[in-house]
Amino acid sequence: MAAELETVSEWTSHGGTQKVIKHPSDACACDMTFSVFLPPQAKDGPCPVLFYLSGLTCTHANVTEKGEFRAAAAEHGIIIVCPDTSPRGETVADEDVYYFGSGAGFYVDATQDPYAANYNMARYVTEELPSIIAANFPAEMDRQSIFGHSMGGHGALVLSLRNPGRYRSVSAFAPICHPSVAEWGRNAFTKYLGDDESAWRKWDSVSLIEDGAKLDEILVDQGNADEFLASGLRPWLLEEACDKAGIQLTLRMQDGYDHSYYFISSFMADHIGWHADRLKK
């Protein structure tokens with residue numbers, strides 16, 4: 001059954017159209033919201049698609065309002081799709097902490113009750129949402145890429161590694177590189193996936209690479225003043241795994257930058273341009 005889309009808001013920006021859309025989700029068994037920017041080129045025909053996955057505590061709105069992506073997307077003719085970070089609603093299981101539950105879906109498909117009923121963000125991002133975009137917008141779905149921030153950077157890397165050939169390119173801002181050894185990830189994985197840590201490996205970028213998953217190349221920007229650098233992000237672990245696996249990782253340590261959207265927006269145009277080069281090949 002085709003999803004019933006509700007346009008929550010719509011604006012003209014950089015010659016294109018910025019929309020916020022709400023729809024019932026089969027994967028998450030609740031209403032979900034995403035934003036989509038259609039560049040001016042979309043008026044003349046299909047455009048490639050770049051998915052952006054946000055981090056802990058965020059919704060679609062954070063990057064849509066603070067990410068400063070529309071000028072670059074309009075220049076390169078790329079549709080930008082920004083989903084929410086988790087299912088939400090009165091019937092959705094939750095905890096009153098910022099690092100789990102609402103706002104913290106970790107882009108996995110949960111296997112443990114009560115979370116398995118709703119927390120299927122991997123299926124939502126890789127299957128349901130692309131189908132909605134393909135059916136309702138002038139999108140060229142054989143040219144799609146993905147990027148994200150923090151928990152969303154983790155999501156972008158994991159979903160790319162788990163779906164070889166799906167995305168033309170992947171990049172991340174300050175990703176949680178090895179969630180199985182970080183407090184945020186261990187807490188979430190235990191509750192979403194269970195106590196068997198071997199089951200976590202297929203949702204962990206470093207573990208996936210160690211177990212043979214491949215990508216041609218990855219771009220990562222990381223601020224060296226990020227307060228979560230040592231405790232949760234640990235990009236050197238991703239660098240070690242990529243070096244051993246022969247994956248081309250461009251890790252750019254950015255002096256003085258923290259974990260905020262001041263950091264993300266500073267390098268957003270770089271990332272969109274990098275993806276544009278690969279989407280046009």
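A residue is called buried here when its relative accessible area is under 20%, exposed when it is over 50%, and partly exposed in between, using a 1.4 Å probe and protein chains only. By that rule A174, at 0% relative accessibility, counts as buried. We will meet A174 again below, after a look at the whole chain.

## Before you start

This is a predicted model, in which local features need pLDDT of at least 70 and side-chain atom pairs count only at pLDDT 80 or more, while totals for chains, interfaces and linings use all residues. Residues are numbered from 1 along each chain as its sequence is written, and side-chain values use heavy atoms, with hydrogens and water left out.

## The overall picture

The protein's secondary structure adds up to 9 helices and 9 strands. Helices (H or I, at least four residues) and strands (E, at least two) are DSSP runs, numbered from the N terminus.

How does the radius of gyration fit a compact globule? For 281 residues, such a globule would have a value near 19 Å, and the protein has 17 Å, which agrees. That radius is taken over C-alpha atoms, and the globule rule is 2.2 Å times the number of residues to the power 0.38. Along the principal axes, the C-alpha atoms fill a box of roughly 50 × 40 × 35 Å.

Of the 281 residues, 59% count as buried. The protein exposes about 11,400 Å², and carbon and sulfur atoms supply 46% of this area. Such areas come from the Shrake-Rupley method with a 1.4 Å probe; for residues, only the protein chains shown count as cover.

Contacts (heavy atoms within 4.5 Å) tell us about the fold as well. Among those between residues at least 6 apart in sequence, 72% join residues at least 24 apart.

## Loops worth a look

Between strand 5 (79–83) and helix 3 (121–136) runs the loop that holds P114. A cis peptide bond joins D113 and P114, with omega at about 0°.

Two other loop residues have a positive phi without being glycine. T57, with a phi of about 75°, lies in the loop between strand 4 (47–53) and helix 1 (60–66). A174, with a phi of about 45°, is in the loop between strand 7 (170–173) and helix 5 (183–193).

## Charges and salt bridges

The protein carries 22 positive and 39 negative side chains, and the centres of the two sets lie 5 Å apart. Lys and Arg count as positive and Asp and Glu as negative, with His and the chain ends not counted. Each charge is placed at NZ of Lys, CZ of Arg, CG of Asp or CD of Glu.

Side chains of opposite charge can pair when their charged atoms come close. The structure holds 11 salt bridges, each being a side-chain nitrogen of Lys or Arg within 4 Å of a carboxyl oxygen of Asp or Glu. The table shows some examples.

| Salt bridge | N to O distance | Relative accessible areas |
|---|---|---|
| E10 and K19 | 2.8 Å | E10 48%, K19 15% |
| R201 and E210 | 3.1 Å | R201 29%, E210 51% |
| D221 and R252 | 2.8 Å | D221 0%, R252 27% |

Which parts of the chain does the pair of D221 and R252 tie together? D221 lies in strand 8 (residues 217–223) and R252 in strand 9 (residues 248–254), so the pair ties together parts that are 31 residues apart in sequence. D221 is buried, whereas R252 is partly exposed.

In the pair of E10 and K19, E10 is partly exposed and K19 is buried. For the remaining row, R201 is partly exposed and E210 is exposed. R201 and E210 also belong with D211 to a network of salt bridges.

## Two buried helix residues

I209 is part of helix 6 (residues 205–210), and at 5% relative accessibility I209 counts as buried. Which residues does I209 touch, leaving out those up to four places away in sequence? They are L161, L238, A241, C242, A245 and I247. The C-alpha atoms of I209 and A241 are separated by 6.4 Å, although their positions lie 32 residues apart along the chain as a sequence separation.

H60 sits in helix 1 and, at 14% relative accessibility, is buried too. Leaving out residues up to four places away in sequence, H60 touches V20, T33, F34, S35, C82, P83 and D84.
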